[in-house]
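Please open the model in a viewer and keep the selection panel at hand. The tour below proceeds by selection, with a short account of what is found at each stop.

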Amino acid sequence: WVGRLLRLDLSAFEEIRSDPSATTGAVIVVFAASVFAGFGSWLWALQNSDLRGVDGTEIFVRSLLLGSIIQTLVWFLWVYLTYQVLVRAYGARTDFAELARTMGFAFAPVALSVLIAIIGFAVPFGVIAFAMAVILTNAAIQAASDAEAREATMANITGFASFAIVMGVFANIAEVGTFGGLAPGIFFFSLDL
């Protein structure tokens, strides 16, 4: 399914939506994409360790290990708020599990955040990866609900904005003198960098 979605075969969402066994796979996709993002921020940090006094082991733990787990958990907030907006604000019919399955697989492009390891292009690659995921989640939402495009977009923006804000908070959780927060990928870069 991931391969089909990356080729923009959006019919895969219909299969994912209707297959309860895809729920575990969706969460694994989110976690794996988060690990790739964490791997990218760790590699970036290793390349900059001489310049900025970065501890590679600390970044491995904070960004790749803890950050990947945290991002996966915060992703559930994105799905939950999207669901709430769809159901409460627009009266759309959808099932939370179906929405989570489709949105989980739509999160796959975040794995491209591994490319933030390329110095000088970290932020653009991080933004591109999430932009692709947001666009794909919009299609996922429409496949898993009866929401119109505008309603799906508003619900998705609400969910993603909350996700980004919470991940930004985790990115800035750092002790004085440390580098980066508890977040992978583009969210690794805290304000004090």
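A residue is called buried when its relative accessible area is under 20%, exposed when that area is over 50%, and partly exposed in between. Glu15, with a relative accessible area of 35%, is therefore partly exposed. The model on display is predicted, and the residue numbers count from 1 along the chain.

**First stop: the salt bridge of Arg4 and Glu15**

Keep Glu15 selected and add Arg4. The two side chains meet in a salt bridge, with 3.0 Å from N to O. Because Arg4 belongs to helix H1 and Glu15 to helix H2 (residues 12-18), the pair ties together parts that are eleven residues apart in sequence. Is Arg4 buried or exposed? Its relative accessibility is 19%, so Arg4 counts as buried, whereas Glu15 is partly exposed.

**Second stop: the other salt bridges**

The structure holds five salt bridges. Select Glu58 and Arg62 next. Their side chains form a salt bridge at 3.9 Å, N to O. Both residues lie in helix H5, where they are four residues apart, about one turn of the helix. Glu58 has 24% relative accessibility and so counts as partly exposed. Arg62, at 13%, counts as buried.

Now move to Arg93 and Asp146, whose side chains meet in a salt bridge of 3.3 Å, N to O. Which parts of the chain does this pair link? Arg93 is in the loop between H5 and helix H6 (96-106), and Asp146 is in the loop between helix H7 (122-144) and helix H8 (149-171); these are distant parts of the chain, with the two residues 53 residues apart. With 64% relative accessibility, Arg93 counts as exposed. Asp146 has a relative accessible area of 40% and is therefore partly exposed.

Before leaving the charged side chains, select Glu14, Arg17 and Glu98 together. Salt bridges that share partners join these three residues into one network.

**Third stop: the largest pocket**

Select Val2, Leu6, Ile28, Val29, Ala32, Ala33, Phe36, Ala108, Pro109, Ala111 and Leu112, which line the largest pocket. The volume of this pocket is about 150 Å³. What is the character of the residues in its lining? Eleven are nonpolar, none is polar and none is charged.

Colouring the lining by helix shows where the residues come from. Helix H1 (2-6) and helix H3 (22-47) each supply at least two of them. H3 gives the most, with five residues.

**Fourth stop: a nonpolar patch on the surface**

Switch to a surface display and select Phe31, Ile69, Leu73, Phe76, Tyr80 and Phe96. Together these residues form a nonpolar patch on the surface, with about 540 Å² of accessible area. Which helix contributes the largest share of the patch? Four of its residues come from helix H5 (residues 56-89).

Ile69 is one of the patch residues and is found in helix H5. Its relative accessibility is 44%, so Ile69 counts as partly exposed.

**Fifth stop: from Ile69 to helix H8**

With Ile69 still selected, add Gly159, which lies in helix H8. Gly159 has a relative accessible area of 0% and is therefore buried. How far apart are Gly159 and Ile69 in sequence and in space? They are 90 residues apart in sequence and 18 Å apart in space, C-alpha to C-alpha.

Continue along helix H8 to Gly168, which also lies there. Gly168 is partly exposed, with a relative accessible area of 22%. Add Phe188 to the selection: Gly168 and Phe188 are 20 residues apart in sequence, and their C-alpha atoms are 8.4 Å apart in space.

**Last stop: Pro124 and Ile186**

Finally, select Pro124, whose place is in helix H7. At 39% relative accessibility, Pro124 counts as partly exposed. Ile186 completes the selection: in sequence it is 62 residues from Pro124, while from C-alpha to C-alpha the two are 9.1 Å apart in space.

Technical notes: This is a predicted model: local features need pLDDT of at least 70, side-chain atom pairs count only at pLDDT 80 or more; totals for chains, interfaces and linings use all residues. Side-chain values use heavy atoms; hydrogens and water are left out. Patches are made of residues with over 30% relative accessible area and no salt bridge: like charges are joined within 9 Å, nonpolar side chains (Val, Leu, Ile, Met, Phe, Trp, Tyr) within 5 Å. Accessible areas come from the Shrake-Rupley method with a 1.4 Å probe; for residues, only the protein chains shown count as cover. A salt bridge is a side-chain nitrogen of Lys or Arg within 4 Å of a carboxyl oxygen of Asp or Glu. Buried means under 20% relative accessible area, exposed over 50%, partly exposed in between (1.4 Å probe, protein chains only). On a 1 Å grid over the protein atoms alone, a cavity is a set of points where a 1.4 Å probe fits but cannot get out, and a pocket is an open set with protein on both sides within 12 Å along at least five of seven lines; lining residues have an atom within 4 Å of a point. Grid points are joined across faces, edges and corners, and a volume is the space filled by probe spheres set on the points. Ala, Val, Leu, Ile, Met, Phe, Trp, Tyr, Cys and Pro count as nonpolar, Asp, Glu, Lys and Arg as charged, and the others, Gly among them, as polar.
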